[in-house]
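Got the structure open in your viewer? Let's take a short walk through it, one selection at a time.

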Amino acid sequence: MATETTWLVIINPNAGYRAGEKDWPTIEALLLSHQFDFEAVFTERPFQAIEITRKAVESGFRKIIAVGGDGTLNEVVNGIFQQTTVPATDVTLGMITVGTGNDWGRMYGFPKKYEKAINILANGRTFLQDVGKVKYRYDSEDKSRYFINMAGMGYDALVARKTNIMKARGKGNAFSYLLNLLTGLFQYENTHLNIVVDGQEILNEKVFSLSIGICRYNGGGMMQLPFAIPDDGLFDITVIRKTTRLRIVRNIRKLYDGSFIHLPEVSTYTGTKISITSTPRHSIFLETDGESLGHSPLDFELLPRAIRLIVRKKALKQFGGRQDESPD
């Protein structure tokens, strides 16, 4: 039976090429040795963690651990925001990373060793992070999604989509993203976008790729938003305008240290509300936290300090984050 002190552990068995399933006995033993009171549930299909989380919070759970990758974490976050029983900040969310990208965890220096990760959870140091919400179109329906790391459009979304298809077919591996990063160059065409930030048009031209987010990394370690601070109440935005395949290939390494933002075709912005339309209207696709969604028109809204996450204290010092002082 759920109580406010009982943790719900949601495990994605397919995360990290089935590391979620294979490593669960080790993780379970470590949680027990650290005297966690918990119930565990495995997901069986995509998006099920949203439903599990929503129902769990409505039934009384206030502490949740996601065992998986960025996509699993994203689903749990969406479940927290879909429930209407309590404010989202009444729920404490922790993470044990077993995925392939782990870009949200990279922002906070989360360790890959389970013992160290569970020590962080046991310490229970929380941080209120900003959350993004995006409205988009899927076929002819208007939909919305919350995210806590990054949204990618254009070339970035194409690469994520190709990678997710490979994963769904059981053909993904550690090199899938890099492979699709290269092969996608021969499929993607620069797309004309109109981008409005906080009521001001900042761009109306062809774009190669566009990133909007709260944290700094995506795509397994690419620093797309090198100046992002996850509790400053602002989206960071990076636009790569029309460019050539050769320039992309020559500068791929710069994506990993953030230095690509100094290239002449790259611009950065910040804002709280962003609207994007493409020409043709449905020609640009969207991914959030690595999950492929729909297409334009797109509307982004930032929710400041809207979710409570367990993080490492020393990670907050790196970007001046404010530790949450609210009582559990």
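Start by selecting Thr5: with a relative accessibility of 55%, it counts as exposed, because exposed means over 50% relative accessible area, buried under 20% and partly exposed in between (1.4 Å probe, protein chains only). You'll find Thr5 in the segment before strand β1 (7-11). Now add Asp37: 32 residues separate Thr5 and Asp37 in sequence, yet their C-alphas are 7.4 Å apart in space.

A quick note on what you're viewing: this is a predicted model, where local features need pLDDT of at least 70, side-chain atom pairs count only at pLDDT 80 or more, and totals for chains, interfaces and linings use all residues. Residues are numbered from 1 along each chain as its sequence is written, and side-chain values use heavy atoms, with hydrogens and water left out.

Next, select helix α3 (residues 48-58); helices here are DSSP runs of H or I with at least four residues, strands are runs of E with at least two, and both are numbered from the N terminus. Which residues of α3 are buried? They are Gln48, Ala49, Ile50, Ile52, Thr53, Ala56 and Val57. Their cover includes β1, β2 (38-42), β3 (63-68), α4 (70-82) and β6 (141-147). After α3 comes Gly60, with a positive phi near 125°.

Last stop: show helix α2 (residues 24-33) with helix α6 (residues 114-123). Thr26, Ile27, Leu30 and Leu31 of α2 make the contact (heavy atoms within 4.5 Å) with Tyr114, Glu115 and Ile118 of α6.

Note on methods:
Axes are lines fitted to C-alpha atoms, for helices over the stretch in contact, and angles run from 0 to 180 degrees between N-to-C directions.
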